[in-house]
Every structure is written in structure tokens, then in C-alpha cells.
Amino acid sequence: MKTFIEKLPKAELHLHIEGSFEPELMFKIAQRNKIDIPYNSVEEIEKAYKFDCLQDFLNIYYQGAGVLVNEQDFYDLTYSYLQKCADQNVRHTEIMFDPQTHTDRGIAFETVINGISKACDDAKIKLGVSSLLIMSYLRHLSEEDAFKTLNQSLPFKDKIKAVGLDSSEKGNPPSKFKNVFEASVKEGYVPLAHAGEEGAAEYVWEAIDLLGIKRIDHGNNSLQDEDLVKEIIKRDIALTVCPLSNTALRVVDDLKNHPLKKMMDLGLKVTVNSDDPAYFGGQVNKNYMEIQKALNLSKADLYQLAKNSFQYSLLDENIKLVYLNELEVYFNNNK
Ligand code: ADE
Ligand code: ZN
């Protein structure tokens, strides 16, 4: 199974670039920028990464992102993640970034987007990994603030495929961002959002009905509402599930109780992703391996998950077909 997963062609659809920031690189960039971080060693950092809930994690995650200043920092962060993609047979990835985490510290939008997108362009050529970008609005901030970000993004529209919604879910329902999502769609961005991670099924309803999202990030709590599950299936909306994130943030108490297989059995289209791999103990392949073991998934289940990852990506249909064909050949030769 380990080799089967390692060689399985796959896409990653739920990844925060700031959450891929490994301690070693964080130290290097902090030193380069002469910024103090409250840790003296990689061990100290790893010890601090124990979370009771989403907010607990977010506090540490925003602090880590605070050492990113120059275009080169954003480039190095992104290229380092894309190298890991290449090592894991992640053929395509859809990368979320949080502009407000940086612009609120006085970093120009341009610095962030140029660093990230140059790394993506280089990785396509040098590593053969394709990618596209999802600009995520921080839901703990106001809709007005999100509008500012939307406006800042417009000169770089050709580099951004979609908009997302992340950060503290509870108390920040999708309805708060109805207008900015409507405006984002008018600008040509595909609407996506985190929903039902810590928030209730009601938030998932809002995300699909009011924001019109094309994919749900997490979506675990959709299972609380049978009608919602039916509606998600009817609209053919996929859920980007993140097993190790769910246990790290105590959304799920134990991987053995993770609802992924139940979701698949109900007919939901799910994918496996790492969310914030530097903080949650594993890259995407580790997520596949751990959930396979915990739920005793078959090779056919893993094939289905990888198939969904290409099928529900935001790639053009003709490119999807190329990846899907590569995957099918792989599966037929390794069943
Ligand atoms: N930002 C980074 N990771 C996140 C998560 N799991 N949920 C919400 N916002 C996030
Ligand atoms: Zn996420």
C-alpha cells in the first residue's frame, strides 16, 4: 500500500501555502530578515505545535507567516512545497494563499503574488508539477477588508483562478461575505470556501446557497444533515477532506472514527489533502497512508480518491483527461 500510494498520480486541492512553512525554512528566512521568532530550535517549534482547536492553531500559523517579507521568501516557501509535490507524485496542486495575513503587515500584494506565482511557473517547467492559485479571504476580518483585497488582486487576475474563505469559522458565517463573493465571481474567480470544519451544517448550506461555491473545503459537519448531503451530491460538489488536520485540530478524535469512508459510501465526492502539512504532521501521501490504515481502504478506494482529485480540480477538461488517463494506466498496472 505504501508504494502504491507513493507512486499514485494525484492532485492536492486543499493546501495553504503559509501552512507548508517547515521549521527549518522558517528559521532560515527569519534569520535572513533579522526577525525574532519565539523559538530557539526546531524541537521547540515542534513542541509548540499542539492544538486544542482551530483558533489555537491559527494563532501560531499567523505568527509563523510573519517572517515572510520579500518576494524571494514567498518564492522559496512555494518552491519548497512544490518540490515535495514532485517527490510524492502530486501532479497538480491548487494552492491557497492568504493575502491579508501579509498586506496587514505592510507587505505589498504584488510581493506576495509575484513570489508565489514565479515559483509555480518554475515548478511547472523544472518539476513537471502544474498548479493554480486560490486567493483566500480571512473570515475573521470584515467584508469591507475582503473587498480591498479583491481590488488589490485585479491587476494580477491572470495569475489567480479562484477565491476561498478561511480562518476562524465559528461566528463568521459565509453570509458575512455574500457581496464580496458575488463581486469576485463577476471578476471571473471561481468561488470556494471552508465550511463545516468547526461550523455546523448550516454554514455549509450558506456556502452553497449564498456564495455558490463549487467545492467545499473540509465539509465534515455536512453529515449532520441528510438533506444537505443529498443536495451536495445533487449539485456534484466535492469535499476536500484533510484527515491529519482533523485529528490535529480535534475535529475528529481518532482517525479510526474519521467519516471519510462513510462520506464515500453515501456517494459524496471526496479528496484527500494535507491542509497545513508543516503543522499537522504530514504531507499529502502521509494523509493517504494514515487514513488507508485507519479505515482499511482498498486500492480501489485510493484510486477513487485520486480520480476525484483530478476530476474536481479547476483544470480545463482536456488537461484533466490527460491526468485521468495517466492515473487509469497506473491503476490498471498496479491493482
Ligand atoms: N487556514 C489555514 N488552515 C486552515 C483551516 N484548517 N481552517 C481554516 N482556516 C485555515
Ligand atoms: Zn484549510
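This report walks through the aromatic pairs, salt bridges, pocket and cavity of a predicted model.

## Aromatic pairs across the chain

Let's begin with the rings. Across the whole structure, a search turns up 17 aromatic pairs. Take Phe4 and Tyr330: their ring centres are 5.5 Å apart and their planes meet at 40 degrees, so this pair is classed as tilted. An angle of 40 degrees is neither under 30 degrees, as stacked rings would need, nor over 60, as edge-to-face rings would need. In the chain, the two partners are distant, with their positions 326 residues apart: Phe4 belongs to helix α1 (residues 2-7) and Tyr330 to helix α17 (residues 317-334). Phe4 is buried, at a relative accessible area of 4%, and Tyr330 is buried too, at 13%.

A second pair to look at is Phe51 with Phe280. Here the ring centres lie 6.3 Å apart and the planes stand at 85 degrees, so the pair is edge-to-face. This pair also links distant parts of the chain, 229 residues apart: Phe51 is in the loop between α3 (42-48) and α4 (54-65), while Phe280 is in helix α14 (residues 277-280). Are these two residues buried or exposed? Phe51 has 4% relative accessibility and counts as buried; Phe280, with a relative accessible area of 6%, is buried as well.

## A ring cluster and a charge over a ring

If you have the viewer open, try selecting the residues around Phe51 and Phe280. Both belong to a cluster held together by ring pairs, whose other members are Tyr49, Phe57, Tyr61, Tyr62 and Tyr279.

Elsewhere, a ring meets a charge. The charged end of Lys10 sits over the ring of Tyr288, at 5.8 Å from the ring centre. That distance of 5.8 Å falls within the 6 Å cut-off used for such contacts.

## Salt bridges

Turning to charged partners, the structure holds 16 salt bridges. One of them joins Asp227 and Lys230, whose closest N and O atoms are 4.0 Å apart. These two residues are 3 residues apart in helix α11 (residues 226-234), so about one helical turn separates them. Lys230 counts as exposed, at 53% relative accessibility.

Glu231 and Arg235 form another salt bridge, with 2.9 Å between the closest N and O atoms. Glu231 is buried, with a relative accessible area of 18%, whereas Arg235 is partly exposed at 33%. In a further example, Lys261 bridges to Asp265, the closest N and O atoms being 3.0 Å apart. Both sit in helix α13 (residues 260-266), and because they are 4 residues apart there, the separation is about one helical turn. Lys261 is partly exposed, with a relative accessible area of 25%, while Asp265 is exposed at 56%. Salt bridges can also join up: Arg32, Asp73 and Asp76 are linked in a network.

## The largest pocket

Now for the open spaces. The largest pocket holds about 210 Å³ of space. Which elements give two or more residues to its lining? They are α7 (109-126) and β3 (130-138).

The lining is made up of Ser117, Cys120, Asp121, Lys124, Ser130, Ser131, Leu132, Leu133, Asp158, Lys159, Ile160 and Lys161. By class, the lining residues split into 5 charged, 4 nonpolar and 3 polar.

## The enclosed cavity

How many cavities of 30 Å³ or more does the structure contain? The search of the whole structure finds 1. The space in the largest cavity comes to about 100 Å³. Of the 13 residues lining the largest cavity, His16, Leu54, Phe57, Leu58 and Asp276 are the closest to its centre.

Helix α4 gives the largest share of this lining, with 4 residues. The cavity lining as a whole has 5 charged, 4 polar and 4 nonpolar residues. Phe57 ties two parts of this report together: this residue is among those closest to the cavity centre, and Phe57 is also a member of the ring cluster described above.

Notes:
Residues numbered from 1 in each chain as written. Chains lettered and ligands numbered in written order. Predicted model: local features only at pLDDT ≥ 70, side-chain atom pairs only at ≥ 80, totals over all residues. Heavy atoms only, no water. Phe/Tyr/Trp six-rings, centres within 6.5 Å; stacked < 30°, edge-to-face > 60°. Buried < 20%, exposed > 50% of the residue type's maximum accessible area, 1.4 Å probe, protein only. Lys NZ or Arg CZ within 6 Å of the ring centre and 35° of its normal. 1 Å grid on protein atoms, 1.4 Å probe; cavity = no way out; pocket = protein on both sides within 12 Å on 5 of 7 lines; lining within 4 Å. Points joined across faces, edges and corners; volume = space filled by probe spheres on them. Nonpolar A, V, L, I, M, F, W, Y, C, P; charged D, E, K, R; others polar. Salt bridge = Lys/Arg side-chain N within 4 Å of Asp/Glu carboxyl O.
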